[in-house]
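Thanks for asking me to look this one over. Here are my notes, set out so that you can follow them with the model open beside you.

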Amino acid sequence: MKRAIPVLSLLFLLLLPLAAAQPSRGMLPLPETIRLSNGLTLFYVRVPDLPLVSFRMVLPGAGSAAEPMENEGVSSIMAELLTKGTSKMKAEDVAEALDSLGADLKIYTTPEYMAVDADSLASQFPRLLELTFHSLQDPLFATQEFDLVKSQRIDGIKAIKDNAGYAVRLYFQRAYFGDNPLGRLSSGNETSLNTMSVEKVKDFYKARVTPRGAYAAVVGSLSSQELKALLSKTLGKWKGAGSPAAPLPPPPQPKGKTLILVDKPDATQAYWVLGAPGYSANDPVTPSAAVLNTLFGGRFTSWLSTELRIKRGLTYGASSRFQTFLSGGVFTASSYTKNDKIAEMLDIVFSLFEKAKSGFAPEEIESARNYIQGQFPPTLESNEAIAASLVQLMAQGKSFSWPDEYLRGVSSSTPETVQAAAKRLLPAQDYVLVVVGKAAEIEPLLAKYGEWKVKKITDSGF
Amino acid sequence: MGRILFSLLLAGVFALPVFGQSLQSRIESYKLANGLKVILLEDHDIPNVALYTFFRVGSRNERPGLTGVSHFIEHMMFNGTAKVGPGQFDRNMEFVGGANNAYTAQDMTAYSDWFPAAALEKMVEMEADRMQGAAFVPEVLESERGVVASERRMSTENNNAAILMENVNATSIMAHPYHWDVIGWMSDILSWKREQIQEYYKTYYAPNNAVLVLVGDFKKSTAKSLIEKYYTPIPSGKTPSAVTTVEPPQQGLKQVLVKKEAQAPLYMAVWHTPSVSQPGFYPLSLLDKILMKGESSRLYRRLVREERIALDVSGGIQETLDPYLFTVFVEAVPGADLGKIDRIVEEEMGKVVREGVTEKEVQKAINMVQNDFYRPLQTIAGLANALGQAELVNGDYQKLFSLMESYKAVTPDSIKAISSQTFTLNNKTVGNLVPEGGAQ
């Protein structure tokens with residue numbers, strides 16, 4: 001591959017609004033809104049092109065940020081167990097039923113919400129929605145299934161540490177967020193997993209999983225009548241006693257430098273992530289920040305990629321992104337290089353932060369604006385992309401015309417607004433930097449950046 | 001999304017002939033005098049175009065000393081021609097709102113461009129220019145060599161699963177060029193010479209060895225005249241020599257052990273299989289779903305749920321031009337006995353050979369294939385990729401429309417028959433990755 005596209009940035013793209021190519025019509029098709037008496041709001045768009053249907057749902061407040069630190073990982077285990085049996089079907093039967101449909105059903109949590117993704121051929125969708133409904137309404141939480149998931153999670157943490165490129169993200173998340181609820185690791189940690197119980201899982205489910213305040217979307221070839229008939233037999237009957245969670249605190253604002261080195265003696269490359277405060281999902285800086293990130297580390301010819309990869313061949317990939325929450329956000333930049341090049345690489349990154357604050361050329365701004373607008377329509381091309389966008393916008397308190405507003409904002413961003421965003425959002429003195437690599441080779445090179453806390457990859461936790 | 005289906009499918013009836021006819025009738029395909037095959041499909045749902053260029057070259061065409069060079073040329077295609085300076089292809093493209101990527105496989109190299117409709121001429125011009133115009137500027141070549149070395153370190157050397165696969169595949173396949181991975185051996189990456197790379201490029205980057213696919217928001221007549229204008233001047237090349245090496249039959253179980261710093265051990269087994277065009281391919285492709293796709297699959301259920309000896313199971317068979325491998329890959333739990341995993345895998349393959357699979361399992365696998373088949377066709381990029389791959393791997397893009405028929409013709413008996421030929425001990429290679437140091 002010419003370059004790997006990080007999964008995270010693809011998800012981020014989905015959250016971004018888009019440029020209006022047809023002024024008469026919005027970027028997103030306007031859905032029919034169906035409000036169910038149990039408090040679930042469902043959006044429906046008919047796309048008859050292919051015999052496919054996609055379902056997306058988010059439950060704000062049922063995400064990992066609602067976990068107490070001592071139960072880290074509980075929401076993710078709960079979500080997994082929802083598809084592991086109901087009072088009428090054993091886990092094996094649910095798996096058999098889903099696989100027989102050739103369908104995909106994934107239930108998982110992000111910091112801010114629990115999410116349900118279900119995709120199938122249109123002819124199989126009624127059965128898929130029925131299985132989804134029973135999973136939400138009537139999960140068994142069998143001890144045997146819990147024990148299996150728990151032991152898999154404990155082993156999974158060890159396996160994660162064999163992959164430095166993956167492990168560095170978890171070490172960074174821990175270092176940046178500490179015990180801030182937005183930083184819960186979906187993997188859990190050794191201590192929380194050892195004390196995890198099926199009761200804690202059930203408690204989380206009861207407290208948080210409710211149709212009240214949830215948003216769902218159905219996009220595909222199903223007709224409106226078919227959908228409504230289906231809803232009355234499934235999600236319309238969904239009851240849940242849980243209550244939506246309280247608003248979340250903002251993510252941390254690091255003061256000074258936090259430097260962490262994780263020793264992985266067999267690593268032939270050093271992997272790093274650097275993070276600093278970003279902006280919230282509803283911040284008006286969003287379009288200018290999108291232009292900024294496109295230029296800084298968000299596309300192939302970005303400054304990071306140009307300086308680290310294209311000009312110097314130091315790495316296969318270098319990128320940056322803004323992660324946004326309702327209560328705030330985080331900027332991260334990351335890359336990797338041969339052990340002996342780590343300081344050369346980091347020096348360039350720090351110099352680029354400073355250079356960006358002195359501004360971008362007007363042609364660069366124009367190029368980034370064109371790029372964001374030109375690449376937007378494909379992000380809303382498939383049923384699943386439209387459905388995901390509808391529910392995410394609602395969960396963020398935005399309107400369906402937000403993509404159009406965002407794209408207008410991108411069009412009207414200027415060198416001045418982008419420079420202001422760079423000054424506000426790119427790190428200077430306050431940041432968290434985590435490196436995973438072979439300490440014997442890289443520690444001496446890193447000493448000039450300050451005092452490092454050194455951990456071993458084999459130590460418990462992240 | 002393409003509006004490519006009509007009422008029968010809207011009613012939820014799965015009717016392939018309708019799918020095929022409606023889409024097929026809107027596709028136009030032709031060859032230029034220089035041998036370039038062109039496939040065009042108008043689709044106006046979004047104001048964008050997907051332009052895919054496929055070359056019939058991949059690691060299959062390489063030789064020792066030049067392993068990985070197909071993939072390296074994929075990188076160098078973005079690094080300058082006589083007309084467009086190094087890095088300028090990407091800068092020009094992004095300036096007009098486009099993005100791109102590329103991939104190299106055993107049998108093909110593909111370049112994908114996604115851009116707003118207004119950029120069509122610019123993109124056709126730049127793609128045509130680099131078909132034979134790549135400059136291989138020495139300094140840029142050296143810098144890019146470092147990028148690819150970094151890619152290998154990341155994707156293979158620092159990835160336990162990948163390093164085990166590389167070892168197992170190279171042990172199983174001894175003669176055919178599928179012996180090495182697409183990324184190539186590190187010593188080759190570090191020592192390809194510029195002239196060797198240029199010679200290889202000249203051999204395989206010619207219109208008669210390429211397929212151009214355009215799907216999206218354009219008028220066919222406009223696209224055709226642009227293709228005519230920019231591609232007609234490119235001379236055709238000599239037909240590249242055929243890959244003639246045939247992997248000799250394996251004559252006994254092979255085993256390979258990789259010791260690495262690791263917390264979790266890994267297990268892998270492979271068996272030689274037919275190519276995509278040989279009998280037995282589609283039965284084995286459905287069998288891989290029956291064994292390993294979904295939590296109700298046979299190996300997942302046995303290893304992950306019942307024995308609790310694995311975290312995950314994956315693998316299967318790939319669409320390749322020459323015979324390749326059926327893979328079972330097991331991510332074991334830390335401390336697991338890999339010998340026990342091997343015994344269980346052997347038992348499960350033995351059951352398929354002796355008792356076969358059920359009608360119900362075959363139907364389940366077909367449902368999975370159908371879902372996976374349609375989903376990418378929602379996008380212009382997915383359509384362009386599927387059409388191009390079918391042209392290269394199956395020999396004709398129209399085979400895309402009969403693909404599901406090939407799957408539907410599979411019976412439990414045909415799975416049993418090919419399984420008894422395939423899953424023998426003499427045809428098997430087993431690989432273990434075990435921790436050396438690190439916590440167990």
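The points below go from chain B as a whole to its details, then to the contact between the chains, and end with chain A.

1. A word on the source before anything else: this is a predicted model. Please read every value below as computed from that prediction.

2. Let us begin with the overall build of chain B. Chain B contains 17 helices and 11 strands. Its C-alpha trace extends over about 60 × 60 × 40 Å along the principal axes. The radius of gyration is 23 Å, and a compact globule with 440 residues would be near 22 Å, so chain B agrees with that expectation.

3. Two further totals fill in the picture of chain B. Of its 440 residues, 52% are buried. If you take the contacts between residues at least 6 apart in sequence, 78% of them link residues at least 24 apart.

4. Next, the sheet in chain B. Six strands form an open sheet in the order 1-2-6-3-5-4, and the pairing is mixed. Strand 1 and strand 4 of chain B are at the edges with a single partner strand each, so one side of each has no neighbour in the sheet. From one strand to the next, the twist averages 15°.

5. Within that sheet, have a look at strand 3 (residues 48-55) and strand 6 (residues 210-216) of chain B. These two strands run antiparallel and are joined by seven bridges. A handy place to find the pairing is V49(B), which stands opposite G216(B) of strand 6. Helix 5 of chain B packs on the sheet, where it touches strand 3, strand 5 and strand 6 of chain B. The direction of helix 5 makes about 10° with that of strand 3 of chain B.

6. How do helix 4 (residues 88-95) and helix 5 (residues 120-133) of chain B cross? Their axes come within 11 Å, at a crossing angle of roughly 170°. That angle is over 145°, which makes helix 4 of chain B roughly antiparallel to helix 5 of chain B. On the helix 4 side the contact is made by F89(B), N92(B) and M93(B), while helix 5 brings K122(B), M123(B), M126(B) and R130(B). Sorted by class, the residues of this contact are four nonpolar, one polar and two charged.

7. One residue at the edge of the chain B sheet is worth a stop: E28(B) lies in strand 1 (residues 27-31) of chain B. Is E28(B) buried or partly exposed? It has 14 C-beta neighbours inside 10 Å and therefore counts as partly exposed. Apart from neighbours within four places in sequence, E28(B) is in contact with L40(B) and K220(B). The C-alpha atom of E28(B) is 6.6 Å from that of L41(B), a residue 13 places away along the chain.

8. On to the contact between the chains. Here 70 residues of chain B are in contact with 66 residues of chain A. Several elements of chain B each supply at least two residues to this side, among them helix 1 (7-10), helix 3 (69-76), strand 5 (109-116) and helix 14 (359-374). Helix 6 of chain B gives the most, with 10 residues. The residues on the chain B side divide into 29 nonpolar, 23 polar and 18 charged.

9. Chain A has an open sheet of its own, with six strands in the order 1-2-6-3-5-4 and mixed pairing. Strand 1 (32-35) and strand 4 of chain A are the edge strands, each pairing on one side only. Direction ignored, neighbouring strands of this sheet are turned by 15° against each other on average. Strand 4 and strand 5 of chain A pair in the antiparallel sense over six bridges, and T109(A) is found opposite M114(A) in strand 5 of chain A. Helix 9 (residues 224-233) of chain A lies across strand 1, strand 2 (41-46) and strand 6 (215-220), at about 150° to strand 2 of chain A.

10. Finally, why is helix 2 (residues 74-81) of chain A described as largely enclosed by the rest of the structure? Eight of its eight residues are buried, and that is the reason. Among them are V74(A), I77(A), M78(A) and E80(A). The buried residues of helix 2 pack against strand 4 (104-109), strand 5 (113-121), helix 5 (143-160) and helix 8 (198-208) of chain A.

Methods. Residues numbered from 1 in each chain as written. Chains lettered and ligands numbered in written order. Predicted model: local features only at pLDDT ≥ 70, side-chain atom pairs only at ≥ 80, totals over all residues. Axes fitted to C-alpha atoms, helices over the stretch in contact; angles between N-to-C directions. Helix = DSSP H or I, 4+ residues; strand = E, 2+ residues; numbered from the N terminus. Parallel < 35°, antiparallel > 145°, perpendicular 65-115°, else oblique. Contact = placed C-beta atoms within 7 Å. Nonpolar A, V, L, I, M, F, W, Y, C, P; charged D, E, K, R; others polar. Buried ≥ 20, exposed ≤ 12 C-beta atoms within 10 Å, placed from the backbone. Rg over C-alpha atoms; globule rule 2.2 N^0.38 Å. Pairing = 2+ DSSP bridges.
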